[in-house]
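Reader: I'm a first-year student and I'd like a close look at one part of this model, the packed inside. Could you walk me through the core and then work outwards from there?

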Amino acid sequence: MKKITILTFLTVCSLQTFAQDKIADELKALADNKDFDKIVTQYASRSADLSARSLYFVGLAYYMKEDDSNCLKFINLSIEKDPKDPQPHYIKASTLNYMQRLDEAVKSFQIAISLKPDDPVYYSGLGDSYCNMKNYELAIASYKKSTEQKDPPERPFSMIAQAYSDLNDKEKALEAYYAARSK
């Protein structure tokens with residue numbers, strides 16, 4: 001009897017996991033198609049039933065719609081369910097940057113980086129936080145770390161030059177502008 005009960009329990013759990021994966025796949029497809037309104041209208045009210053990944057996509061939809069408070073609400077729910085996924089930490093950090101809550105943004109970028117240390121976008125976002133804090137030395141270090149990763153975005157190259165310019169280091173700024181131009 002114990003074996004049947006355990007088997008039934010595992011089967012039910014597997015079905016729930018499969019259903020959650022299917023919802024997350026649907027949400028990813030909607031996000032890939034930039035159908036953020038549909039994500040919000042069809043899934044935001046179901047937050048209690050959604051997986052961490054699904055909550056991330058709802059938070060991402062709010063991020064793209066520039067609804068910072070709802071973005072943070074869903075991203076925080078996602079993080080609570082799965083604190084090891086770096087993407088929600090990154091979206092949280094980016095949102096906090098926009099809200100000028102820079103100390104909190106730095107912490108969230110650092111968590112994202114600790115979970116996925118080879119993502120150049122995370123370092124670039126951290127550089128933006130430091131730049132907004134006028135801590136140009138740390139901004140430059142973060143931007144440089146971004147450029148050292150595989151497939152870095154263009155932004156950190158130009159931001160290195162901007163940060164050197166903000167430090168009034170014209171020689172390094174000019175050198176960085178030339179480097180950025182070559183990229």
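Author: Here is a walk from the core, through the rings and the charged pairs, to two loops. A quick note before we start: this is a predicted model, in which local features need pLDDT of at least 70 and side-chain atom pairs count only at pLDDT 80 or more, while totals for chains, interfaces and linings use all residues. Residues are numbered from 1 along each chain as its sequence is written, and side-chain values use heavy atoms, with hydrogens and water left out.

Let's begin with the core. A nonpolar core here is a set of buried Ala, Val, Leu, Ile, Met, Phe, Trp, Tyr and Cys residues joined through side-chain atoms within 4.5 Å. Buried means under 20% relative accessible area, exposed means over 50%, and partly exposed is in between (1.4 Å probe, protein chains only). The largest nonpolar core has 24 residues, and the members that touch the most others are Leu126, Cys131, Tyr143 and Tyr164. Two or more residues of this core come from each of helix 5 (86-98), helix 6 (102-115), helix 7 (120-132), helix 8 (136-147), helix 9 and helix 10. Helices (H or I, at least four residues) and strands (E, at least two) are DSSP runs, numbered from the N terminus. In soluble globular proteins, nonpolar side chains tend to be buried together.

Now zoom in on Cys131. Contact means heavy atoms within 4.5 Å. If you set aside the neighbours within four places in sequence, Cys131 is in contact with Tyr136, Ala139, Tyr143 and Met159. Apart from this core lies another one, of 23 residues, and Leu50, Leu60, Tyr62 and Ile91 are among them.

Tyr62 takes us on to the rings. Rings of Phe, Tyr and Trp (its six-membered ring) pair if their centres lie within 6.5 Å; planes under 30 degrees apart count as stacked, over 60 as edge-to-face and the rest as tilted. The structure holds five aromatic pairs. In one of them, Tyr62 and Phe74 have ring centres 5.5 Å apart and planes at 20 degrees, so they are stacked. This pair links distant parts of the chain, with Tyr62 in helix 3 (residues 52-64) and Phe74 in helix 4 (residues 68-81), 12 residues apart. Both rings are tucked away by the cut-off: Tyr62 counts as buried at 9% relative accessibility, and Phe74 is buried at 1%.

Compare that with Tyr63 and Tyr98, whose ring centres are 6.2 Å apart with planes at 40 degrees, so this pair is tilted. Here too distant parts of the chain are linked: Tyr63 sits in helix 3 and Tyr98 in helix 5, 35 residues apart. Tyr63 is buried, with a relative accessible area of 16%, whereas Tyr98 is exposed at 59%. Elsewhere, Tyr90, Phe109 and Tyr122 form one aromatic cluster.

Next come the charged pairs. A salt bridge is a side-chain nitrogen of Lys or Arg within 4 Å of a carboxyl oxygen of Asp or Glu, and the structure holds six of them. One joins the side chains of Asp128 and Arg155 (3.1 Å, N to O). That bridge links distant parts of the chain, from Asp128 in helix 7 to Arg155 in helix 9, 27 residues apart. Asp128 is buried, with a relative accessible area of 15%, but Arg155 counts as partly exposed at 42%.

Lys28 and Asp32 make another salt bridge (2.9 Å, N to O). Because they are four residues apart in helix 1, about one helical turn separates Lys28 and Asp32. Lys28 is partly exposed at 39%, and Asp32 is exposed at 51%. Arg101 also forms a salt bridge, with Glu104, and their closest N and O atoms are 2.9 Å apart. Arg101 is partly exposed at 33%, and Glu104 counts as partly exposed at 36%.

Last stop, the loops. Most residues other than glycine have a negative phi. Lys34, though, has a phi near 60 degrees, a positive value in a residue other than glycine. You'll find Lys34 in the loop between helix 1 (2-32) and helix 2 (36-43), and at 64% relative accessibility Lys34 counts as exposed. Asn168 also has a positive phi near 60 degrees. Asn168 lies in the loop between helix 9 (155-166) and helix 10 (170-182), and counts as exposed at 66% relative accessibility.
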